[in-house]
Amino acid sequence: MRKKLVAGNWKMNGSLTENTALINSLTRQQSRFKTVQVALIPPFPYLFQAQQLLTSTNLSWGAQDISTEPQVGAFTGEVSASMLLDFACQYVIVGHSERRQRHHETDQEVATKAKIAIENGLKPIICVGESLVEREKGETLSVLYRQTDAVLNTLSLPQLQHVILAYEPIWAIGTGKSATAQQVQEVHQALRQRVAAMDWVAAQGLNILYGGSVKPANALELMSLPDVDGALVGGASLVAEDFIAIIEAAA
Ligand code: PGA
């Protein structure tokens, strides 16, 4: 049985004061979500705060990105794996569509980030997803396979066991428009089969999260799908009661 993971991607939101309030509201309720893994993903400057407030709770934390550079050095604006480990991160998101689009990250860069994360004991949450134009042209699976194959071809077989995939259709992110249950299950099943072709055991243990306008109203339906193993939640993760409702839907 795969244990579901619900991760809250705060994106560029939060402040010291708001984060304390949000984290305290979540940790007060933590006894309600023992059967689900929960992770908070704040912006880099708040990782120290996350570590301070979440150590010895049921909740984990992680970062929104990592450098493609394996070692520290002269890379202005970049954050290394070793720095994330200094703040006891367990997870790191790589290849979020906002980074692929705004920062022109390539499939290979995303795969390199995933590899560096795993080599440092971090679990990469690797985002893949198609645009609306690609979906309408019938290219959904070919786009997702191209993005996923870059990762599969970069990692060694043992490293595949540490991968977390997140299917995030770009047209569903922050739009209030979630993919339908059928669309989600179809893609998740296809992604699992893609990984199974390389390593059947890794595919059975693989957590595939869905992301894109997950909210209390649609969480139960999405989290009940056979190949959905959790959620990557943006907007709704900033509201304690909504995030808790989504966690409970995954429990
Ligand atoms: P959303 O974002 O839940 O606000 O749609 C999801 C994501 O981008 O990870």
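Contacts between distant parts of the chain dominate in this predicted model. Among contacts that join residues at least 6 apart in sequence, 73% link residues at least 24 apart. The chain that makes these contacts is built from 12 helices and eight strands.

The overall dimensions come next. For 251 residues, a compact globule would be expected to have a radius of gyration near 18 Å, and the value for the protein, 17 Å, agrees with this. Along the principal axes, the C-alpha atoms occupy a box of roughly 45 × 45 × 35 Å. Of the 251 residues, 53% are buried. The accessible surface amounts to about 11,200 Å², and carbon and sulfur atoms contribute 53% of that area. As for charge, the protein carries 20 positive and 24 negative side chains, with the centres of the two sets 4 Å apart.

Helix H2 offers a closer view of how one element fits into its surroundings. This helix spans residues 47–54, and its buried residues are Leu 47, Gln 49, Ala 50, Gln 51 and Leu 54. In an α-helix, residues three or four places apart point the same way, because each turn takes 3.6 residues. Leu 47, Ala 50 and Leu 54 are among the buried residues of H2. The partners of this buried set include two helices, H1 (16–28) and H3 (81–86). Two strands, S2 (37–41) and S3 (59–63), also pack against the buried residues of H2. After H2 comes Ser 56, which has a positive phi, near 65°.

Definitions and conventions:
Residues are numbered from 1 along each chain as its sequence is written. This is a predicted model: local features need pLDDT of at least 70, side-chain atom pairs count only at pLDDT 80 or more; totals for chains, interfaces and linings use all residues. Side-chain values use heavy atoms; hydrogens and water are left out. Helices (H or I, at least four residues) and strands (E, at least two) are DSSP runs, numbered from the N terminus. The radius of gyration is taken over C-alpha atoms; the globule rule is 2.2 Å times the number of residues to the power 0.38. Buried means under 20% relative accessible area, exposed over 50%, partly exposed in between (1.4 Å probe, protein chains only). Contact means heavy atoms within 4.5 Å. Accessible areas come from the Shrake-Rupley method with a 1.4 Å probe; for residues, only the protein chains shown count as cover. Lys and Arg count as positive and Asp and Glu as negative; His and the chain ends are not counted. The place of a charge is taken as NZ of Lys, CZ of Arg, CG of Asp or CD of Glu.
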